[in-house]
Amino acid sequence: MAPGEGTQRAARRWIEYLAVADIPRVRSLFTHHPDYSDLTPVQYADGLAWLLSRGLITSDGHSLIRADEREQRDDEAALDGAPPRWTPALEAARQETGTAGERAVLRLLEQSDAARVVHVAALSDAYGYDIHTELGDGTAGHIEVKATTDPTRLVIHLTRHEYEVMRDDPDWLLAAVLVGADGGALNVVTVNREWLRGAAPEDRDRHAQWESARYNVPDHAVMPGILHASGRRLVPEAAAPTLPLWGLSRAPSASPV
């Protein structure tokens, strides 16, 4: 189960400040500085404990997650009920995280038994997914990668084109990646495509249609690893990083999505 909103906010602040200071100094900052008094000491303690229990912070206070400025601001705005602000710097940070996620999935596929791996997003945006892969038995996967640096909840954005490709392509799947401070994948899950269909916005006017949708993915809509709709694993279970995040507190299962 995901932590509460206060614990989420506290955890994200720990990730941000542990990049520049150790645990005692950050705890002192949160306890004594008035700018951080919106959360209680208990919430800060719970946020740190949650990160430690998930293996996202080492015992010596080193964070395996890098603080993404765009996601930090978007999440703070969302919790406060305000719309996120766009800036070129924040857009660059988003693109950097997205690129890191695609590279991480490419590495996982290339290190697995995939017979073919093509980074189609590097060729064109027209495909509606980022990576084409094939297994030795001919099973193909068309993988749309969504990357994040937020371990506390899974929020993704899907374009209209990606959504329409998903509807028509049985090999399309969405892999969500938690990107670590080193650019590698700390966690990879597949989002249930039927849930994506059901949660999509509705076009209310025949002369206009939605172009991008923001999804807050619930716990029940994810499965660990990178799974084809048939249930085949595109990356072997042992090679796919799996942490007890985004509702995953059990061992991986090969159930179809």
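Q: Which residues of helix 6 are buried in this predicted model?
A: The model is predicted, and helix 6 covers residues 160-168. Buried means under 20% relative accessible area. In helix 6 the residues that meet this cut-off are Arg 160, Glu 162, Tyr 163, Val 165 and Met 166.

Q: What covers the buried residues of helix 6?
A: The cover includes one helix, helix 7 (193-199). Strands also take part in the cover of helix 6. Among them are strand 3, strand 4 (154-159), strand 5 and strand 7 (212-217).

Q: How many helices and how many strands are there in the protein?
A: Helix 6 and strand 3 have already been named as parts that meet. The full count for the protein is seven helices and eight strands.

Q: What is the order of the strands in the open sheet?
A: The open sheet has six strands, with mixed pairing. Its edge strands, each pairing on one side only, are strand 1 (116-118) and strand 8 (222-224). Neighbouring strands are turned by 30° against each other on average, direction ignored. The order is 1-2-3-5-6-8.

Q: Do strand 3 and strand 5 run parallel or antiparallel?
A: Strands of a sheet pair through backbone hydrogen bonds, in one of two senses. Strand 3 is joined to strand 5 (residues 172-179) by seven bridges. Within strand 5, Val 177 stands opposite Ala 147. The two strands run parallel.

Q: Which residue in strand 3 is the bridge partner of Glu 134?
A: Strand 2 (residues 131-134) is joined to strand 1 by three bridges, and these two run antiparallel. There, Glu 134 is the bridge partner of Arg 116. Strand 2 also pairs with strand 3 in the antiparallel sense, over four bridges. In strand 3 the partner of Glu 134 is Ala 140.

Q: Which residue in the turn between strand 2 and strand 3 has a positive phi?
A: Strand 2 and strand 3 form a hairpin, with five residues between them. The positive phi in this turn is about 95°, and it belongs to Gly 138.

Q: How many residues of strand 3 are buried?
A: Strand 3 spans residues 140-148 and is mostly covered. Of its nine residues, the number buried is eight.

Q: Why does His 132 count as buried?
A: His 132 lies in strand 2. Leaving aside neighbours within four places in sequence, His 132 is in contact with Arg 116, Val 117, Val 118, Val 120, Ala 140, Gly 141 and His 142. A residue is buried if its relative accessible area is under 20%. His 132 counts as buried because its value is 12%.

Q: With which side chain does the side chain of His 132 make a polar contact?
A: His 132 has its place in strand 2. The distance in this polar contact is 2.8 Å, and the partner is the side chain of Glu 134.

Q: Which residues touch the most other members of the largest nonpolar core?
A: In soluble globular proteins, nonpolar side chains tend to be buried together. The largest nonpolar core here has 45 residues. Apart from it lies another core of 18 residues, among them Leu 108, Leu 135, Ala 175 and Leu 234. In the largest core, the residues that touch the most other members are Trp 14, Leu 56, Leu 154, Val 191, Leu 196, Tyr 215 and Val 217.

Q: Which residues are linked into a cluster by ring pairs?
A: The structure holds eight aromatic pairs. Ring pairs link these residues into a cluster: Trp 14, Tyr 17, Phe 30, Tyr 36 and Tyr 44.

Conventions. Residues numbered from 1 in each chain as written. Predicted model: local features only at pLDDT ≥ 70, side-chain atom pairs only at ≥ 80, totals over all residues. Heavy atoms only, no water. Pairing = 2+ DSSP bridges. Axes fitted to C-alpha atoms, helices over the stretch in contact; angles between N-to-C directions. Buried < 20%, exposed > 50% of the residue type's maximum accessible area, 1.4 Å probe, protein only. Phe/Tyr/Trp six-rings, centres within 6.5 Å; stacked < 30°, edge-to-face > 60°. Polar contact = N/O pair within 3.5 Å; in protein donor to acceptor, adjacent residues only side chain to side chain. Contact = heavy atoms within 4.5 Å. Core = buried A, V, L, I, M, F, W, Y, C linked by side-chain atoms within 4.5 Å.
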